[in-house]
Amino acid sequence: MTKTVKYFWRIFFAGLGFAVLFLLAISWGIFGKLPSLSELENPSILSASEVYAADGRLMGKYYVTDRTNVPYSEISPNVINALVATEDERFYRHSGIDARSLGRAVFFFGSEGGASTITQQLAKNMLGQGSRNTIARVIEKLKEMIVAIKLERNFTKEEILALYLNTVEYSDHVYGIRNASRTFFQKDASRLDVAESAVLIGMLKATGTYNPRTNPKLALDRRNTVIDQMVRNNYLPAAEAAKVKLVPIKLDYEKMNQNTNLAPYFIDVLRNDIRQWCKDHKNPKTGEAYNIYKDGLKIYTTIDPRMQLYAEMAVARHMPNLQKVFNAQKNIKDGSVWKTKDGKAVLERAIKSSERWADLSGAGLKEAEIRKSFDIKVPMKVFAWNAKRETDTIMTPLDSIKYHKQMLQASFLLTDPLTGEVKAWVGGIDFKTYKFDHVNANTKRQVGSTFKPLLYTLAVMNGYTPETPVPVDPVDLGGKMIGDKKYSGTRPLNYCLAASINPAAANLMNVIGVNRMVDFAHQCGISSTIPPYPSIALGSADISLIEMVGAYSMFPAGGMNTKPIYIARIEDRNGNVLQSFTTSHKEVINESDAYIMTRMMQGVVDFGTGRSLRGTYGIASEVAGKTGTTNSNADGWFIGFTPQLLGGAWVGADDPILRISNNYVGQGAQMAMPIWAYFFQEVYKDKTLGIDAGARFVQPESLKNEMIYDWVDPSASDTPILEGENQPGDANQYIDVPVSDGRERVTTESQLNDEEKKILEEAKNANKKKDKVQPDTADKKKKGFFRKLFGGKKKNE
């Protein structure tokens, strides 16, 4: 053997050894982790997690790229044939790598077509590869080949095709055959015909170029090329192909995105809860924590789609009217609110946190140039209360900030007080424009007089009765005088709550004690930090809406505090239940005290600060609740309940410096209560929901033989009701905000599906045939609130 031959074999075996070691290094993950055998056997290739409503309706998805897997049996054969004919003619004859195509690609340096099989393309999708660097791409190709061989060993050809179609990207960033068929043709993947299948498969060559929505001519040409390939590979007769090619592309395009989910604010808040759940729970198949974006979880919630729709309708009926009143306010209309020290500070923060500031700063512009750009008018879209929820306009970026800051926000939460199930969740006025949610536990605002029922409950628990006289004279509350000197003497406890008299609450706080009040609030389910100051009697504490609604649950639930829940169960992608959720119940007060407080809170609605709920909004059912207003009318609240439902509403600007100056408009009964009223108007119309307008609060046995003394109807009293929240004193409450008659066209973010629309239409038709149910609310002319409610006799004078 010559020396040259020896050198040749040494180089050959050294090169072979290097190649083997190189491939082993790739297989071992030295150049990047490869999917494990377990992951290949149980793939969860970026499968979107799905959120479902209480009736099983798909509400929304969580995804990095929206993919939802469907099995091979649910994919049209036309799609399968089009894919194989176009992307990998010898798919059924190779084992992951097509030697003939690979040799051709190497020999012609890729000029005669690529060598990637469908299996290799699937591997590429799994690995998320696509480097433009030549050396890096060679390594990626080798990795794809290794994974392709693993795939062929562990899956059938049918499973590989299904996996590929479920992971590939179509046009408009749509991933997966199910989403693509629904987006472009409003069909299930199993029902796609030859032409539709060819359009979708044709997109795969270049999603932007062959998008039938944006490039119909090129998409048509590409579709016909795919059809020709199907003929060439004997998947389609030539005569049939000729007919199909003559038919234009018929799109039925509708893309679901994150801004058009059912209950979009709720979906966004729920995301964080599910992320945390995933961190705390491991997937037994991988040994790693679940991934909300990859593992295809199914999250079943308690949201009722029609109640959600009614909640959004209620917000949309009230807020445009309130916004008009607010826009006419002098400091808003002339812009003087932004010339104050606080106003300037708000604008400065908004400017520096804007995308414009970040983009221009990143581009190297000086601060003076950036600030100047905020004063130049440009075309833009802004939120508006119209059918499209937006309008085209021309304004400066600075004026746009002011415009959006001046838009009042709202939130509404509805629960079943006995089960704690959340039925509706509205976190703001428009999720597309305003992503900040105002319901969740992390969003806290001053609660105003909605805190008073908790204080009054403590008083009842400690021996106070509805008739116990409480001083209403001006009183020192933590160094500040509360009240008006023109009022003096005492008023019954029930009267003080109905009228929301601040000096009465201050006196109760001085008697009960701050620390005791704070402890009790926490017992009621409020987890927010409550500062130990006497002013909490008037609602100075910052608490979230969901916490306040949870705390109120003890009244309609007979003393049991019921924590709101909105997740029923979580399943894996195969339908296996991973966890079920039930609410927690805790007895906070006894049944008798809960009933007494409920009846006292009915006084708020029948004669007190919330009495417009009756005459103005026509709610005749048994209702108890409390209005709330904070300092200078920055926040308006109303939390109310019936025997079956508990709901809370909040209204205000995101920046508390923006306040309603009109004292009549700027309190809970005007700002927030109309939302509650409009919602219940719709619920009572829909008989299929099973909400009984004639339902009554259940009186405990322990109170049936007990004498509860009367109090005088305030409208007949010599002393008019004291307005702790600056309401007008006459019995016929003056309404400054226009009242919706329900006939205006209301656009909501959530939409019902066909089945829900059918049920709703049936309910409406049934409602037309029946007389409207009017519960027996007793003769309003009868004097004596507690005699009416409890049946007691008037105390002899």
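# Structural briefing: paired strands, helix packing and backbone outliers

Strand β8 (residues 409–415) runs antiparallel to β22, and seven bridges join the two. The model described here is predicted. The chain comprises 30 helices and 22 strands, and 53% of its 797 residues count as buried. Of the contacts between residues at least 6 apart in sequence, 70% join residues at least 24 apart. The points below treat the strands β20, β21 and β22, a five-stranded sheet, one helix pair and residues with a positive phi.

**Strand β22 and its partners**

- Strand β22 spans residues 646–652 and is mostly covered, with seven of its seven residues buried.
- In a regular strand, side chains alternate between the two faces of the sheet.
- From β22, Leu646, Gly648, Trp650 and Gly652 point one way, while Gly647, Ala649 and Val651 point the other way. The residues of both groups are all buried.
- On the β8 side, Phe412 is the residue that stands opposite Ala649 of β22.
- β22 also pairs with strand β21 (residues 635–641), in the antiparallel sense and over seven bridges.
- In the pairing of β21 with β22, Asp635 stands opposite Gly652.
- β21 and β22 together form a hairpin, and four residues lie between the two strands.

**Strand β20 and its hairpin with β21**

- Strand β20 (residues 624–629) is largely enclosed by the rest of the structure, because six of its six residues are buried.
- Both faces of β20 are covered. Ala624, Lys626 and Gly628 lie on one side, Gly625, Thr627 and Thr629 lie on the other, and all are buried.
- The pairing of β20 with β21 is antiparallel and extends over six bridges.
- Within this pairing, Gly628 stands opposite Trp637 of β21.
- The hairpin of β20 and β21 has five residues between the strands, and in this hairpin Ser632 takes a positive phi near 55°.
- β21 thus pairs with β20 and with β22.

**The five-stranded open sheet**

- Five strands make up an open sheet of mixed pairing, in the order β2-β1-β5-β17-β18.
- β2 (58–62) and β18 (577–580) stand at the edges of this sheet, and each has a single partner strand, so one side of each is left without a neighbour in the sheet.
- Neighbouring strands of the sheet are turned against each other by 20° on average, with direction ignored.
- Within the sheet, strand β5 (residues 298–301) pairs with strand β17 (residues 567–571) in the antiparallel sense, over four bridges.
- Ile299 has Ile570 of β17 as its bridge partner.
- Helix α12 (residues 264–280) lies across β1 (49–52), β2, β5, β17 and β18, and runs at about 55° to β2.

**Packing of helices α3 and α9**

- Helix α3 (residues 77–87) packs on helix α9 (residues 194–203) at an angle of about 45°, and the two axes are 8 Å apart.
- That angle makes α3 oblique to α9.
- The crossing of α3 and α9 is right-handed.
- α3 contributes Asn78, Val79, Ala82, Leu83 and Thr86 to the contact, and α9 contributes Val194, Ser197 and Ile201.
- By class, the contact of α3 with α9 has five nonpolar and three polar residues, and no charged residues.

**Positive phi at two loop residues**

- Asn234 is not a glycine, yet it has a positive phi of about 65°. Asn234 is found in the loop between α10 (216–232) and α11 (238–246).
- Arg389 is likewise not a glycine and has a positive phi of about 60°. Arg389 is placed in the loop between β6 (378–382) and β7 (391–395).
- The surroundings of these residues can be stated by accessibility. Asn234 counts as exposed because its relative accessibility is 69%, and a value over 50% is required for that class.
- Arg389, in contrast, is buried, with a relative accessible area of 8%, and the class of buried residues lies under 20%.

Key
Residues numbered from 1 in each chain as written. Predicted model: local features only at pLDDT ≥ 70, side-chain atom pairs only at ≥ 80, totals over all residues. Heavy atoms only, no water. Buried < 20%, exposed > 50% of the residue type's maximum accessible area, 1.4 Å probe, protein only. Pairing = 2+ DSSP bridges. Axes fitted to C-alpha atoms, helices over the stretch in contact; angles between N-to-C directions. Parallel < 35°, antiparallel > 145°, perpendicular 65-115°, else oblique. Left-handed = near helix turned anticlockwise from the far one by under 90°. Contact = heavy atoms within 4.5 Å. Nonpolar A, V, L, I, M, F, W, Y, C, P; charged D, E, K, R; others polar.
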